[in-house]
Amino acid sequence: MTWIRKNIIMIVGLLVLFYMFIPVFVVIALSFNEPKSRLTYTFDKFTFDNWLHPCSGAEAMCPSVMVSLKIGLLSTLGATILGTLMAYALMRYRFRGKGVANVLLFLPMASPEVVMGSSLLTLFVSASFPLGFWTILIAHIMFCLSFVVVTVKARLAGMDPRLEQAAMDLYANEWQTFRRITLPLLAPGIASAALLSFSLSFDDFIVTNFNSGSTVTFPMFVWGSAQRGIPPQVNVIGAAVFLIALAIVVLGQIIGARKRKALAA
Amino acid sequence: MDQIAGDLRLVSLRKEFGDFVAVDDIDILIPKGSFFALLGPSGCGKTTTLRMVAGLELPTAGQILIGDHDIASLKPYNRPVNTVFQSYALFPHLDIYENVAFGLRRRGVKDVATQVEAMLSLVELDAFARRKPSQLSGGQQQRVALARALINRPEVLLLDEPLGALDLKLRRQMQLELKRIQTEVGITFVHVTHDQEEAMTMADTIAVMNQGKVEQLGSPMDLYENPKTTFVANFLGQSNLLTGEVMDRGDFVGVKVWGNHIKIPASRVATTNAKVWVGVRPEKIYISAESNHAHDHLGNQLIGTVLERSYIGVSTQFIVEIPGFLHDEKIMVFEQNVDASEVMAGDQVRISWDPAHTFALDAKQDAYAGDVLAEAE
């Protein structure tokens, strides 16, 4: 009894973590499944085939993953560049309408995706803009932008403006100051904004579904195949994405610990 | 840029932030190669003045001249001026070497390596070239900040409370160090501080600032011995200020202080008004038992009672009450502890001082101006 009382917080914490990770475990387990029929979600037989040949058996999946990767990377690039510049302008310059811009930035984050997706669709259709890869990209850059601005702004807020003043004092013009001082110091913030953008984009279904035309992204492929039974290769992609994300986080932690150690030495 | 050289002159320099006047039409001439201090309490406009010279604030009006060039509207990177920032603002992602080399690299100077190494050895940090700023102590960071600015050989070096973050002992050491380096390089130093002792130790000339204006400008001795305003009298050291009325004027001005006659040299009377504050520094006054007439020759004398006597090591401090004086016009006396003092609390005493150590200020000024501020800082 006393042991439980002493460790209750630890136990509850572990249970919550377990609860959070069950879906991930299921995905990883099912990625090694060889189902007897298309419709079964039960674990029938262990196999490495899904991992060795992820593209065979579910023909449309790999192209859809490629589309999602391409859109993810491009929208990350676009949103990160635009968002960083916007955050810089909002933090370091005074201009008319700055307050309004600050508030409006939160709107895409706050508005439901269904609303955003359908209104974008209306916009594209009424402008007779053909739906497809580019409309998805435009939509993704749009909703990633707010997150990038908020993340980079937080980093900028913690940065002493005197560092930039010191650079200007030491003969660096505006561009050199941004390039040599601001950008390197913002890098961690920009990196996390980029990671966030990529996962938001790779993951998105609702907005994409409205604006995709005949283009199929990975989440749309999964949604489509779910009605007939999800092929086990989908779980391979899911598990791979999870493992890559995990690797990035662990790597970040190791680099951070190294840096702290170097500083302490 | 290279031809901009000479004295630094601020001409009717003014800075407003909305309705607030931070710097109120100041005129200052800082000769080339001098060590100049802007001294004042926080919010007096000294840092704003410095930032305008650096180019980090645009003046509302006025000129900033180096030689004959008005640099007031130039970008900071186009001015032959460098700054040692408060809390240093070292670039945290660059090592010490790159911090110091930053200015040279931006200007495309050729022999970066030799110059950086020479500068690092001047500030005795050769061994730390590849460390990051966060791995250095406060004193070392301070020297990096100095090296990073000095290496560019500016016409004017600005120092914004450069020693504020250091502990007392290190600060004393750096004061002497800064003075040595300034003498060695011969660059004009403009030093902003609220610490009167720091300003007096280092500067050739001090401008005491208050509420956006220059109260008085002069050598440390000039300011201390002959303050022209009550603010200066109180902000630099301590002063006894007594209500007086001018009776006669000549080489010496005769002033009546609650029925007592006090003499002041005419050159030390800063006003033509009849109502004055009569000032004398506590350490200029001799205190002795009433029966002791050894200091009668000095000229100014009062008789009173010792209210408090406190021994503080280097000196003994007395508070003396003079009959007929206002309640808050008690006289403070500091006596060097050369011999054991003959005076105890409660004694009747005779206090004497030389008229040459007396000054008179316009009585329209607040007798306590600068007093509280000097204590708070």
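## A tour of two helices and one enclosed helix

Start in chain A and select H140(A), F143(A), C144(A), F147(A), V148(A), T151(A), V152(A), A154(A), R155(A) and L156(A), all in α7(A); they meet L186(A), P188(A), G189(A), I190(A), S192(A), A193(A), L196(A), S197(A), L200(A) and S201(A) in α9(A). Colour this contact by residue type and you'll find 13 nonpolar residues, six polar ones and one charged. Keep in mind as you go that you're looking at a predicted model.

Now show both helices in full: α7 covers residues 133-157 of chain A, and α9 covers residues 174-203 of chain A. Their axes sit 9 Å apart and make an angle of about 155 degrees. An angle over 145 degrees counts as roughly antiparallel, so that's the label for α7(A) and α9(A). Turn the view to look at how they cross: the crossing is right-handed.

Next, zoom out and select residues 65-255 of chain A. UniProt, in an unreviewed entry, marks this stretch as "domain: ABC transmembrane type-1". Switch to cartoon view: the span is 82% helix and 0% strand. Pick the C-alpha atoms at its two ends, and you'll get a distance of 30 Å.

Last stop, chain B: select helix α1, residues 46-54. Is this helix enclosed or open? Nine of its nine residues are buried, so the rest of the structure largely encloses it. Click along the buried residues: K46(B), T47(B), T48(B), T49(B), L50(B), R51(B), M52(B), V53(B) and A54(B). Then step just past the end of α1(B) to G55(B), where the backbone takes a positive phi of about 95 degrees.

How values were computed
Residues are numbered from 1 along each chain as its sequence is written. Chains are lettered from A and ligands numbered from 1 in the order in which they are written. This is a predicted model: local features need pLDDT of at least 70, side-chain atom pairs count only at pLDDT 80 or more; totals for chains, interfaces and linings use all residues. UniProt positions are given in the numbering used here, feature names are shortened, and annotations may be inferred rather than shown by experiment. Helices (H or I, at least four residues) and strands (E, at least two) are DSSP runs, numbered from the N terminus. A residue is buried if 20 or more other C-beta atoms lie within 10 Å of its own, exposed if 12 or fewer, and partly exposed in between; C-beta atoms are placed from the backbone. Axes are lines fitted to C-alpha atoms, for helices over the stretch in contact, and angles run from 0 to 180 degrees between N-to-C directions. Angles under 35 degrees count as roughly parallel, over 145 as roughly antiparallel, 65 to 115 as roughly perpendicular and the rest as oblique. A crossing is left-handed if the near helix is turned anticlockwise from the far one by less than a right angle, and right-handed if clockwise. Two residues are in contact if their C-beta atoms, placed from the backbone, lie within 7 Å. Ala, Val, Leu, Ile, Met, Phe, Trp, Tyr, Cys and Pro count as nonpolar, Asp, Glu, Lys and Arg as charged, and the others, Gly among them, as polar.
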